[in-house]
Amino acid sequence: EELRLSHQWSNTDIRHEVAKIVADEVAAADVDLDIKIFGSQSLFKAREQYTPLSRGQLDMTVLPLSYAGGQQPAYNLTLMPGLVKNHDHAARLNESPFMEALEEKMAEDDVMVLVHGYLAGGFVGADGCITKPEDIKGLQTRAAGKAFEQMLAGAGASIASMSSSEIYNAMQTGVLDAANTSSSSFVSYRIYEQAKCYTPAGDIALWFMYQPLLMNKSTFEGLNEEQQAALLAGAEKAQAHYLEEAKKEDAASEEVFREAGVEIAQMSQEDFDAWRELAKETSYKQFVEDTPDGQKLLDMALAVE
Amino acid sequence: MATQPKAVQSRARKNLFVNTVDAISTLAGWCAAAMIVVAVGITCQMIFVRFVLNHSTIWQTEMVIYLVIAATLIGLPYVQKLRGHVNVDLVPLMLPPRLRFGLCVVTLSMSILIITVMLWYGYEFWHFAWDRNWKSDTVWGVRLWIPYLSLPVGLGLLALQLTADLVAVILRIDTPFGLET
Amino acid sequence: MDPLVLGGLVAVFTILVLFSGVSVAIGLLIVSAGFLIVFDGARSLELMPEILFGKLDNFALLAIPMFIIMGSSIASTRAGADLYEALERWLTRVPGGLVISNLGACALFAAMSGSSPATCAAIGKMGIPEMRKRGYPDGVAAGSIAAGGTLGILIPPSVTMIVYGIATESSIGRLFLAGVLPGLLLVGLFMAWSLYSTAKSGNRDLLNVTPYTWREKFEILPRVLPFLLIILGVLYAMYGGIATPSETAAVGALLCLVIAMVIYRLWNPKDLWVVLRDSTRESVMILFIIAAAGVFSYMLSSLFITQSIAEWIGTLDINRWFLMGAINIFLLIAGFFLPPVAVILMAAPILLPVIVTAGFDPIWFAVVLTINMEIGLISPPVGLNLYVINGIAPDIPLKTILLGSLPFVACMVLAIILLCLFPGIATWLPDLVMGAAI
Ligand code: NA
Ligand code: NA
């Protein structure tokens, strides 16, 4: 039997490694199950994976869950400013009642989680450092995710929407003054060549994105017990690897920027609190308005220590 | 040889169904052209808002994408009517008239079949988005059934135009593949 | 079934279906649907409209209709004639001045239009009758314009470069810059050939036309200004921090429409509709092929054909230049039968990994690929430029146009060889302007 797994990343990315571990473990278990990985959007485009997954036309995917926020507004909580403080906190969120509530939402779409994982990101400025809300005022900014756009607009930034592959060019020509995306994208798109200052995800970080390995639930339930066990065992191993590598990635990106001669800035606890206050007035508020049981879900997430 | 626009307008089509479909496709062509022009305007407006006013540009990129998609899909029947969809007619040219007629009927029927299948699933996809109230995952958060509507509409009109072309060929109003005999 | 065998089967069926005379886009959908039903199950048909829509869901595609509008709005004015007339008045002492001016005008026009047929039509409408009037052989007149017109997709902006950029995730700004010097190289080769053949034809009076006075020479200059305005405006928008390359196209389209209306008095709604109709027809045709080729490449990927071919070529232990030669022949043949966009979309995902593994630069390859596609534009059975020339000068037999184009095809092949020997022709400018490649 064969399962098809689709993702958008290159085969050197952590998220590919996560998929690969699961595939290799399942193959090693010799349970007549083969996972075929289609990377680099070779099967589906990044944002077009969730629908086929939920309809059983695709078996597995590694996906930023917020991409499907238009279908399940609750998913927007998985890319909410200041909700996750650091990677260990993220790991605790994965085991919380909040995550259980999200998994219930996924089950409505016939989707389940195999591997949990969060990745972090930061900010770059073309002319100066961005650590607190005042820094972003009046800058043309590209933000990763709806909630961040709302918060940054609230800080007085002007929002320009473009894909992360366009950031390099736009910063080079001066269309963009600042950008916010994941640590790995900053490195893979060589943004350090165009940035003056980088605010990486450190002990305190604002930008965390939940990017689990998902599977179609009915497909999983259709497998025999041995196959399910092999998948779950592989997933457990992959999840440990994911957390470990996610932590390393932020430091690695900082190192790359430092070597390229880019100034490195750190966000202080005060800066973080100021952003979070702003987020409460903007993105949190909007989220609660747009989502049926939004307040309840938000409280559940905030309750995780 | 020949694939590009030929003098299609000159032929006098004398069938009510064929004429009506031609008219609908022309109307669709106007809509497609208008959508492209609007997309030009919105993109320039976006550059102005960002570069001159230094304000946020939230909805423009998405709007322009949907306009170009809609222009493409809604423009399909019109371009079919103009014979603007490129084909390779090396083989049809070499065939004797009867075989050419037969091949033309077969290719048009196959085209109608595949477009109708896609129309069916396109409608289903649109209905899914409508039923579940899907929105785009952006600040603008457009209700997706609106842009998805161009799928059933465009494919439906294309199937209609293909049918009219088939009828025209069978009734000998039009020559197979638009080739001169 | 082995994916490689399956790939061969797909190739055979694709050729059969496309040769039946069905339109290319619908043919690709038919082949995709057939193979998906047989090897992936009927349920995968459900996905086809979604994928079709998804392939069009890309902001960069906006540039395609925009760059086509740029060309066709200016082409429907007398701007093309002005351009080549100005060049002719200034180049009058150059032997074969008229054909040289026409080629120069094609190159300049190519810098405003993203498509080849538009470039061909814009210059050919005046250029071909004028050359024939002055006694140039039909073959040279038609061939030079057909070939000069192909520069539309090499000299930026270029629709095919945009499509390549999207298919391979390369920087469109970088791709555009890479086309500049090879474009000039081709113009130079075309001109050299024209001079040689004119001189060889022994038609001496073609070489010395009545010289124009200085007054006449300067009189015409203001009429070339709109061109410079558009080209500079677009370059400034693209590299001056105003807009991203895809957005710049809209600025260009607006500028061209406004200039056509204000300076060339293209007021009449009927004339304007002709511009919009032609642009819509060409854009929709190209975009539908892009969408259908997207479904086709989904099928190839889903049946693991793309991946297997790339892997298989990787295991062949062959010389990289032999590989490049084989790829070029493959592209050339594909270009004979398919429009450039279809070739790029179907070939790029398969070839790119192979190219990169063999140590070739993807930006450089884009230029080689584009020149291959240019050859396809002036060769039967799908040579879009040939039909444009046929439309402009219906009394020149197609055979004469073809024979006249042949030497220019040789120039293009020579350009590809030069590019292989000196890859810097393509990569030097983008590296200079945008820094070393990623
Ligand atoms: Na061009
Ligand atoms: Na050709």
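Here is a chat about this predicted model, asking what stands behind some of the labels used for it.

Me: Why is C:N102 called buried?

Reply: Buried means under 20% relative accessible area. C:N102 has a relative accessible area of 1%, so it counts as buried. You'll find C:N102 in helix α6 (residues 97-110) of chain C.

Me: And what is C:N102 in contact with, leaving aside its neighbours within four places in sequence?

Reply: Its contacts are C:Y84, C:I123, C:G127, C:M131 and C:I145.

Me: Is C:G149 buried or exposed, and how do you know?

Reply: Its relative accessibility is 0%, and the cut-off for buried is under 20%, so C:G149 is buried. C:G149 sits in helix α8 of chain C. Not counting residues up to four places away in sequence, C:G149 touches C:C106, C:S116, C:T119, C:C120 and C:N385. Another neighbour to look up is C:G124: C:G149 and C:G124 are 25 residues apart in sequence, with their C-alpha atoms 8.5 Å apart in space.

Me: C:N385 was in that list of residues touched by C:G149. Which residues of α19(C) are buried?

Reply: They are C:L384, C:N385, C:L386, C:Y387, C:V388 and C:I389. These buried residues pack against α7 (116-133), α8, α18 and α20 of chain C.

Me: How do you know that the length of helix α17 of chain C agrees with what is expected?

Reply: Set the two values side by side. With 18 residues (340-357) at 1.5 Å a residue, α17 should span 26 Å, and its end C-alpha atoms are 24 Å apart, so the two agree. There is still a kink of about 50° at C:A348, shortly before the proline C:P349. Just after α17(C), C:G359 takes a positive phi of about 85°.

Me: What makes α17(C) "mostly covered"?

Reply: Count the buried residues: 14 of its 18 are buried.

Me: What about helix α20 of chain C: how far does it reach from its first C-alpha to its last?

Reply: It has 24 residues (398-421) and reaches 34 Å, close to the 34 Å expected at 1.5 Å a residue. α20(C) has a kink too, of about 30° at C:L406, shortly before the proline C:P407. Its buried residues include C:I401, C:G404 and C:F408. Among the elements that the buried residues of α20(C) pack against are α8 (138-150), α10 (172-200) and α16 (320-337) of chain C.

Me: Now charges. Why is the pair C:R223 and C:D82 called a salt bridge?

Reply: The cut-off for a salt bridge is 4 Å, from a side-chain nitrogen of Lys or Arg to a carboxyl oxygen of Asp or Glu. The closest N and O atoms of C:R223 and C:D82 are 2.7 Å apart, so the pair fits the definition. The pair links distant parts of the chain, 141 residues apart: C:R223 is in the loop between α11 (214-219) and α12 (225-239), and C:D82 is in helix α5 (residues 79-90) of chain C. C:R223 is partly exposed because its relative accessibility is 34%, whereas C:D82 is buried, at 1%. Salt bridges that share partners join both of them with C:R78, C:E85, C:R89, C:R215 and C:E219 into one network.

Me: What makes A:D24 and A:K20 a salt bridge?

Reply: Their closest N and O atoms are 3.2 Å apart, which is within the 4 Å cut-off, so they qualify. Both lie in helix α1 (residues 14-29) of chain A, four residues apart, about one turn of the helix. At 39% relative accessibility, A:D24 counts as partly exposed, and A:K20, at 37%, is also partly exposed.

Me: How many salt bridges does the rule find across the interface of chain A and chain B?

Reply: Three. One salt bridge pairs A:R47 with B:D137, whose closest N and O atoms are 2.3 Å apart. Chain A and chain B bury about 1,500 Å² between them, 43% of it on carbon and sulfur atoms.

Me: And how many salt bridges are there between chain B and chain C?

Reply: Just one, formed by B:R50 and C:E247, with the closest N and O atoms 2.6 Å apart. On the side of chain B that touches chain C, α1(B) gives the most, with 14 residues. Chain B and chain C bury about 5,100 Å² between them, 83% of it on carbon and sulfur atoms.

How values were computed:
Residues numbered from 1 in each chain as written. Chains lettered and ligands numbered in written order. Predicted model: local features only at pLDDT ≥ 70, side-chain atom pairs only at ≥ 80, totals over all residues. Heavy atoms only, no water. Helix = DSSP H or I, 4+ residues; strand = E, 2+ residues; numbered from the N terminus. Expected span 1.5 Å × (residues − 1). Bend = angle between axes of the 7 residues up to and from the residue. Buried < 20%, exposed > 50% of the residue type's maximum accessible area, 1.4 Å probe, protein only. Contact = heavy atoms within 4.5 Å. Buried area = accessible area lost by both parts, 1.4 Å probe.
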